[in-house]
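Colleague: I would like to go through the terms used for this model one by one. Please set each value against its definition.

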Amino acid sequence: MEIPLVDLKEQFKLIQKEVEEAVADVLKSGIYILGPNVEALEKEVSSYCGTSYAVGVASGTDALRISLLASGIGKDDEVITTPFTFIATIQAIMQVGATPVFVDIEEDTFNIDVDKIEKAITAKTRAILPVHLFGHTVNMQRLLSIARKYNLFVIEDAAQSFGSECNIASDTFSPEWKKAGSMGDAGCFSFFPTKNLGGFGDGGMVITDNREVAEKAKALRVHGGNSNSYSYEISGYNSRLDELQAIILRIKLKYVEKWTEMRKEKAFLYNKLLFATPVKIPNSKPYARHSFCVYTIRISAALRDKLKDFLKSYGINTKIYYPIPANLQVMYRNLTSGKGKYSLPVAKKACQEVLSLPVYPELEEGKIIYIAEKIVNFFNRKC
Ligand SMILES: *Cc1c(COP(=O)(O)O)cnc(C)c1O
């Protein structure tokens, strides 16, 4: 039996007819970029997330770059973030000319350890860029209070957390659940096919309540100007979202809640089956509604790669998200400011211990039982 990490074909079958008809309509319309479907998607995503504005762009990486620039962050600014993330987070900060400053992560959620943020703040700090990794939100109630205290921008990388929620109330008796991406000054989504809301190509979106940020983001995606007047005050990008992606995403948005519930069911089944094994199952904090974009277990460093190979021999495909913390990447180490600057033991250890298992809404229960069985067998064989 061959079990992929993610299977996108199954989901397509469910919506094939709807998608094919809608795509044909777009093809016939003659409007292919930044048209009515992009506009409608922006309205639908902002309404889903509870923000005033949404701006469709060409990728999640662009959503990050554009949010940073639209918030006025650039040269000589420091941006506090996590070393345990997809590299695009860090590259976006570097590409706008700012310096990423790393804060270690929490052992159980893999997210930035909010308690360690204050110590990393300097006179140059302008923003905090939390990443809601794997579908689990950062503790935003605490993070936002730090940001307010020091007057810092908050730009959320919610690329892996479309549909995740976070309780930002300090009063435990009246919870205030907010969608990932909607809590800071700007939130960034990726519509890469394997994300919770994935297109059939690249795409991304910035959401915000700040009108100025939204307007700047709209300008930045079309070279920084006004497309009617051809006057340019700032240097922007070609970062447009196309109509085909937008119509596909609009169709998939209707199912995203249901698919998130299905992901959670798969994750809970794994949790139940793996609970008594030596692997550590993912934690969900009371303040977070996990969407399980990725299902990641921990296992001792000495056994991790052996387990990966063992599962592979049974056709089970797993992946290591992420093998190297960003502060140890060559691209970062080569910056003089980054050299030898950090000791981030929790992130480093996570890189040696994590293993992500197959998870997607359509993954059959029988396959999860099979995978869990093999994991149990692995330990029985070893111990
Ligand atoms: C996928 C991802 C991105 C980048 O999104 P793209 O659409 O691939 O550019 C950024 N940050 C995180 C955490 C991601 O998972």
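Colleague: What makes the approach of G60 to the ligand a polar contact?

Modeller: A polar contact is a pair of N or O atoms within 3.5 Å; within protein, one must be able to donate a hydrogen and the other to accept it, and residues adjacent in sequence count only if both atoms are side-chain atoms. A backbone N or O atom of G60 is 2.8 Å from an oxygen atom of the ligand, so the pair meets the cut-off. This is a predicted model, where local features need pLDDT of at least 70 and side-chain atom pairs count only at pLDDT 80 or more, while totals for chains, interfaces and linings use all residues. Residues are numbered from 1 along each chain as its sequence is written, and side-chain values use heavy atoms, with hydrogens and water left out.

Colleague: Which distances do the side chains of T61 and S190 give?

Modeller: For T61, a side-chain N or O atom is 2.5 Å from an oxygen atom of the ligand. For S190, a polar side-chain atom lies 2.6 Å from a ligand oxygen atom. The protein buries 93% of the 380 Å² that the ligand exposes when taken alone; these areas come from the Shrake-Rupley method with a 1.4 Å probe.

Colleague: Which elements give two or more residues to the shell around the ligand?

Modeller: They are helix 3 (60-70) and helix 4 (88-95). Helix 3 gives the most, with three residues. Helices here are DSSP runs of H or I with at least four residues, and strands are runs of E with at least two, numbered from the N terminus.

Colleague: Why is T81 called buried?

Modeller: Buried means under 20% relative accessible area, exposed over 50%, and partly exposed in between (1.4 Å probe, protein chains only). T81 has 0% relative accessibility, so T81 counts as buried. T81 belongs to strand 2 (residues 78-81), and its side chain reaches the backbone oxygen of L129 at 2.7 Å.

Colleague: What makes V279 buried?

Modeller: The value for V279 is 5% relative accessibility, and therefore V279 counts as buried. V279 lies in the loop between helix 9 (256-274) and strand 12 (288-289). The C-alpha atoms of V279 and R304 are separated by 9.7 Å, with their positions 25 residues apart along the chain counted as the separation.

Colleague: Why is S284 called partly exposed?

Modeller: S284 has 34% relative accessibility, so S284 counts as partly exposed. S284 lies in the loop between helix 9 and strand 12. From C-alpha to C-alpha, S284 and G135 are 9.8 Å apart in space and 149 residues apart in sequence.
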